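This report describes how two chains meet and how sheets and helices are arranged. Please keep the structure in view while reading.

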Amino acid sequence: MIKIDHLSVAFDGTEVVKNVTIEIGDGEIVGVVGESGSGKSVTALTLMGLVAEDAVLTSGRILFDDVVLAEAGKTRDKALYQKYQGDEMTMIFQEPMTSLNPTKRVGAQVEEVLKLHTKLSKEEMKEKVLKTFASVGLKDTKKVYDSYPHQLSGGMRQRVMIAMAIILKPKLLVADEPTTALDVTIQNQIIALLKEINEKQKNAMLFITHDLNLARRLCHRIVVMKDGCIVEQGETKQIYEAPKEAYTRRLMEAVPSRIPKKVPRVSGEEILRVEHLDVYYPAGSNSLFARKEKNHVVKDAGFTLHKGEVLGLVGESGCGKTSLSKAILGMNRDVTGVISHDTVRPQMIFQDPYSSLNPTKTIGWLLEEPLRAAGKLDKSLAMTKEDRRAMVYEMLKKIDLKESYYDRKPSQLSGGQRQRVSIGQALITKPGFIVADEPVSALDVTIQAQIMELMQQFQEEMQLSYLFISHDINVVYRMCDRVMVMKDGRIIETGDTQEIFDHPKEEYTKLLLLNS
Amino acid sequence: MKYICKKIITLIMTLFLVSAAAFLAFQVIPGDVVTSILGTEATPEMEELLREELGLNDPPVERYMNWVSGVLKGDLGVSYRYSKSMNERMPVAELIGDKLPVTLWLAFYSLILIIVISIPLGVLWARSKNHYLDAALNVISQTAMAVPAFFLGILVTYLFGIILKCFTPGGYVSYREDFAGFMHYLLFPAISIAIPKIAMTARFLRNSMLTEMRSDYVRTAYSKGCTNRRVMYAHVLRNALMPVVTFLGMIIAETIAGSIVVEQVFGLPGVGRLLISSISTRDFPVVEILVLYITSVVIIVYALIDILYRMIDPRISSK
């Protein structure tokens, strides 16, 4: 049995994990659910002995069977941990691409675990790796063995990570958001695989996630965390059917489970038309001698967007969603076909509010920038400094931020607040339509709901149209009037949201809906 | 194969452009080879005679074409300035062929020193949790980088030559006469070249490793039970070397092209010194060939680095 016993962890004197006690029995899957910053990852990393060196255990201890692995007031015993890590306790991480060493073949990376903890011969090791690859559902194991991480798909990489974690049948398996970076169809396969492993190997599992639906499908028991503390813990069924705490209820409500669209549909005139659009990238090197080839990412796309309408664009990563939106915004010139609209500058809301705002500028400056840019392009739109400032204050009010935020830097804002700024930036020049590229995917569930509401509010007030890109079916259901499904660069199905959800025609659409 | 062909065609085209540019530059800059050879006391008749002999009276385009066709046939021309005997001018090929080994050995020597010392030093530096070691290395590398090359040469001469008496300053022995003696003497100029480059490379590697240490795959390696040492050498080093390789490439190209200052300080008859003296005496055939040599070195070394890069990073070749 593994026990996290009254654990508190501090960085620079600030406690980020406070008095957390979690017990995990053999064969049991315990889910730790919470929003980012709730301390769930730090708890897991502390358990694994992988937390950053400047973290201090201020109270409690980590028990593995009866061995004390870490205890408050003692320096970390790395040698002791190294005996357990990879052998008795293993971990699967969120990003399988960056979590694997890009310059080593994956076979060798899995084999390293055996090298560190067993005395098998070279041939035995390879055989064991290939066997484990097969058991996690990898096909053509010999080829995978000799591949580098970038040659595998996201799902295959995560399977390699899982193979690495289970090859020595560990007593404890910690999975930190193992499916968050994957597409929905792959997500389900990975969850099923983890379940299967748990049944076969009877490992204790600690499953960290922000997604309550996922936790519900996999875990026996659930621990809800907030601000470093445990809010509630209990059997999965009890947590779902009779949550004791208000926060747990809020977390559950915030999950966008097929809530129908609130804003009524208004169908005005056509404001964007796309016909026979091909988007490609010139392939090959930029050398003088390379033949110029075209690498098509969007093929023969065609659709229209009406005033006041939200058009959803769904598909897995790499299907061409973002390339299509960039072409519409004019950020990609390698296109053929027709894109027609009256908007001077269509605007975009980006996925990641952390990296899409310049960290050295103030919020006020960032919000003014579109106005400045518009004024430079078209002298008739030029405004005085005072006018711009006034408009920014007005916008701050609209996006529910205090006026004092004018002088703050993006780093002083939370993720949700930054995404508000991002929306404000897109709206301040009053464009006819907005391309929203996964605007809520990087946000926590409770924040997601707020941002979606804000976007709908603007839609109603300003008769805005959105081209709304998402991989999250539930978010699309809640936001969109019509939906387009995209696969391998082609739009394979278009229709009213309700119609598509009730009667999908294409097999692929059915698969997408089934898996959410 | 296709890759090599492409690189060779690029090389030839670049060489053409560079040689034309060098020829053009010689037409433009003031100074006359004839006066520089004969001195200011020469009579106009003597000057005219020499001019005719060197072919300087032909129109420039014809002279360039003649030179190109000569080079294409393998005839690198004769030096204006150097003579082989009383009535025979020194062929450029022979002139450079004599000095090239000095520069190449010197470059080879310094590179070995740079690679062998800077890589372990960089790793050690990145691993040094000890505050004092880190600070000390910081100061030393700053100083090594800041000292000008000629002064460093003098310091090395003073320390190794005069105080420690490891070698005789100015006592250069030709590689034709005594190879062991030649290599012994060469060690000290090589040290002078290597010191600032070692400091730069080690610092660069250290920074690169510290950046890599924050990668996700490092955490994965620790989660497998790897020790610090194993994480550093088996995982981080290779990834951290990638930017360093580019940097080393620049250093290699620079060193093979000739270290003018160090050759001067240690009195080495290498191509760097030859280049300087040939430019000041307007010895056009020599300068042209040296320019071609330096250009080829830079392009070839960069191509090799490119290949090396592909070997270290599997992601590049598949793109």
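What area is buried between chain A and chain B, and what percentage of it do carbon and sulfur atoms give? In this predicted model, the two chains bury about 2,400 Å² between them, and carbon and sulfur atoms give 57% of that area. The size of an interface is often expressed as the accessible area lost when the parts come together.

**The interface**

Chain A brings 30 residues to the contact, and chain B brings 26 residues. The interface of chain A and chain B holds 2 salt bridges. One pairs A:Glu112 with B:Arg230, where the closest N and O atoms are 2.6 Å apart. There are also 13 residue pairs in polar contact across the interface, both residues being at pLDDT 80 or more. On the side of chain A that touches chain B, the elements giving two or more residues are helix 1 (40–48), helix 2 (78–84), helix 3 (96–99), helix 4 (106–117) and helix 7 (154–166) of chain A. Helix 4 of chain A gives the most, with 5 residues. By class, this side of chain A has 14 nonpolar, 12 polar and 4 charged residues.

**Two open sheets in chain A**

The table sets out the two sheets.

| Strand order (chain A) | Number of strands | Pairing |
|---|---|---|
| 15-16-17-13-18-19 | 6 strands | mixed |
| 2-1-4-5 | 4 strands | antiparallel |

In the sheet of 6 strands, strand 15 (347–349) and strand 19 (490–496) of chain A are the edges, each pairing on one side only. The twist from one strand to the next averages 20°. Strand 16 (residues 433–437) and strand 17 (residues 465–470) of chain A run parallel and are joined by 5 bridges; within this pairing, A:Val435 has A:Leu467 as its bridge partner. Helix 12 (residues 321–329) of chain A packs on the sheet, and its direction makes about 155° with that of strand 16 of chain A. Helix 19 (residues 507–514) of chain A lies across strand 13, strand 18 and strand 19 of chain A, at about 105° to strand 18 of chain A.

In the sheet of 4 strands, the edge strands are strand 2 (14–24) and strand 5 (67–71) of chain A. Neighbouring strands of this sheet are turned by 10° against each other on average, direction ignored. Strand 4 (residues 55–64) and strand 5 of chain A pair in the antiparallel sense over 4 bridges, and A:Ile62 has A:Ala70 in strand 5 as its bridge partner. Helix 1 of chain A packs on this sheet, touching strand 1 (2–11), strand 2 and strand 4 of chain A. Helix 1 of chain A also gives residues to the side of chain A that touches chain B.

Methods. Residues numbered from 1 in each chain as written. Chains lettered and ligands numbered in written order. Predicted model: local features only at pLDDT ≥ 70, side-chain atom pairs only at ≥ 80, totals over all residues. Heavy atoms only, no water. Contact = heavy atoms within 4.5 Å. Buried area = accessible area lost by both parts, 1.4 Å probe. Salt bridge = Lys/Arg side-chain N within 4 Å of Asp/Glu carboxyl O. Polar contact = N/O pair within 3.5 Å; in protein donor to acceptor, adjacent residues only side chain to side chain. Nonpolar A, V, L, I, M, F, W, Y, C, P; charged D, E, K, R; others polar. Pairing = 2+ DSSP bridges. Axes fitted to C-alpha atoms, helices over the stretch in contact; angles between N-to-C directions.
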